Amino acid sequence: MKREPLDPENPFAAPSSLPYGLPDYTRIRTEHYRPAIAYGMAEHRAQVEVIATDPSEPTVENTLVALERAGRTLQRVLVAFFNQSSADSTPELDALEEEVAPQLAAHLDAIHLDARLFARLEALDAQVRAGELTLEPDTAWLLERTRTTFVRAGVRLDAAAQDRLRELNAQITTLATVFGREVLAATNEAAVLVTDEAQLDGLSQDARSAAARAAAERGHEGAWLLELQLPTSQPQLVTLRDRALRERLHRASVGRGLGGAHDTRATLLELARLRAERAQLLGYPHHAAYVAADATAKSAEAVEDILSRLAPAAVANARSEAAELTAALQQDEPGATLEAWDWAYYAERVRAHARSLDETALRPYLELDRVLHEGVFRAATALYGLTFAERTDLVGYHPDVRVFEVFDTDGSGLGLFLADYWTRESKRGGAWMNNLVDQSTLLGEPPVVVNNLNIPKPPDGQPTLLTWDQVTTMFHEFGHALHGLLSAVRYPSQSGTEVPRDFVEYPSQVNEIWAWEPQVLQAFAVHHETGEPMPGEWVETLLAGRQDGEGFRTTEYLAAALLDQAWYRLTPAEVPTDPEQVEAFEAAALERAGVAFAPVPPRYRSAYFNHVFSSGYSAGYYSYIWSEVLDADTVEWFRENDGLRRENGDAFRAKLLGRGGSVDPMEAFRDLRGRDPQIEPLLVRRGLTAAVQA
């Protein structure tokens, strides 16, 4: 690829001069991305060519370290671009992403299929095996992982197979981009417009105000727009009393992508087929086997084992919960059948009756800014000695983004944390963490990380009041942020969350426990108007009800995880060819797995399952429950050692968070826990029966 000069006025022509290397979004415009990406790819390829043609014998410095240093311009551009395209997209950014996706796939193929580079890696490995070269542990792991990356990319295939692999990679990246774009469009289009305020009975005033604002922004003055979140279950279903509106909202949610202008079914079928073909080309029976082989699970059979062991007990618990909810429903509508759109509403009714506490009562005590400062940040201070200061002089990629400088225990600057919590049409659904700068001592770069959520934005001047699920999501995503912020590694490819997919959720899930820690909860759970703390008996009730609804939550999650596995255990010939077959395949897969329970649909249905068709979780959605085994066991470790203490935080930081991907992840876990993980704490947490262990 010819390297055309990059205009010096392009903000990517040189590293950002802002603190911590924060991309200068005050200067970045859409038109800057295309030339910067093209230049970055050409520069990276030229740097790699120098490594591949080096006449010197391979060394760590001229091969491994050189590869780590290469491509920094491209990296700077891509992290800024993909962060913006996911969190504040435009039609122009969407088109550009679709255009560059196959180019980037080809670029990576050109590197990972380069036999000259692989020969240098093999030569280094041979020196190690012969005892001629001794590597430090992080470098040894880097060599192992880099070699594995090349092999899994197809470097050992013959020329014809590599040509086909390049075609597959280009098609897959393009279609994954298309799927994500269409899911966002379908989700925006499916928002439910309400013109009669009486139908909103039960919806809190701040939620109504947010819905009125959303309607006005789309040209519907005097109406209310119930915007959809990515998962199947929508938060408004908890309080809406109008059963017909609940049904309408639920059907809008599950109908996304099933026809119309944004039908995703043909795209997801082609993605399943192409990934299956690629897996077979690389020597695996199916894509699920290919993914598991490079994760801590090691095999698709191990994944199947844990999911199939948990499913029967989870569904049994869900059916027990359903019987209780049906009784409550029939008090209102005798003879009625419990439907999916009834579940959240009656679950909250039953919980409120049993616990004398409901979601509506809690929300005034869960104001976003206080949860952030007195909850999320306070726990990080107690555990790791971190402190936070908002930097209003620094800006993000959207006016809603807030920038915080993070200081270490000795007062030195550690990195930046960007918080982007409100939903908007230009942001994809769900919640996630991104790195804008990977921590690396080799490059002298501190971390810059972003958390994204999708909380409805209230009108100006009104507080953002959260649900309890949104509170725990804030803690969860900040757990990912801590993994990035506390990274203390040499090589950028090992920074923070650069760990196997079925390990990456582990630290974030551990961080959720501090939302429930009484001293933390009592600090952030304060009424936004009166300043009064949440009543002590409410706190006790909230803590006592932690297992409420676990049958539903575990079943909806397992249904999605099993659905993901079903799609990606297919051979190319087994993937349906007709988009109209998607729903039938889904129903059969859920039935076969024993999780087909109509009142509890999968957390994501296939047509809007962004995680596994667009994002990086294809055949990997099992990762959450797999990581939760480690998480629940680690929570026991914290409890055994008196919980929220600096000594515990320092140990977790040193033995796990700080090591990022510089070591075998299970070695890091064993170093912390002193043994392999045990499943029993997870079973207790999820309220699953001992029969699961059989």
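**Figure 1. Length of helix H4 in the predicted model.** Helix H4 comprises the 22 residues 91–112. At 1.5 Å a residue these should span 32 Å, and the C-alpha atoms at the ends of the helix are indeed 32 Å apart, so the expected and modelled values agree.

**Figure 2. The bend in helix H4.** The close-up is centred on Val100, where H4 bends by about 30°. A proline, Pro102, follows within four residues of this position.

**Figure 3. Buried residues of helix H4 and their surroundings.** The buried residues of H4 include the hydrophobic side chains Leu93, Leu96, Val100, Leu104 and Ile111. Asp94, Glu97, His107, Asp109 and His112 are among the other buried residues of this helix, as are Ala101 and Ala105. The elements that cover the buried residues of H4 include helices H1 (30–52), H3 (72–87), H5 (115–129), H6 (137–153) and H7 (159–189).

**Figure 4. Burial of strand S7.** Strand S7 (residues 448–455) is largely enclosed by the rest of the structure, because eight of its eight residues are buried. In a regular strand, side chains alternate between the two faces of the sheet. In S7, Val448, Val450, Asn452 and Asn454 point one way, while Val449, Asn451, Leu453 and Ile455 point the other way. All of these residues are buried.

**Figure 5. Strands paired with S7.** Strand S5 (residues 413–422) pairs with S7 in the parallel sense over six bridges, and Asp420 stands opposite Asn452 of S7. Strand S6 (residues 432–437) pairs with S7 in the antiparallel sense over five bridges; here Val437 has Val448 of S7 as its bridge partner.

Notes. Residues numbered from 1 in each chain as written. Predicted model: local features only at pLDDT ≥ 70, side-chain atom pairs only at ≥ 80, totals over all residues. Heavy atoms only, no water. Buried < 20%, exposed > 50% of the residue type's maximum accessible area, 1.4 Å probe, protein only. Helix = DSSP H or I, 4+ residues; strand = E, 2+ residues; numbered from the N terminus. Pairing = 2+ DSSP bridges. Expected span 1.5 Å × (residues − 1). Bend = angle between axes of the 7 residues up to and from the residue. Contact = heavy atoms within 4.5 Å.
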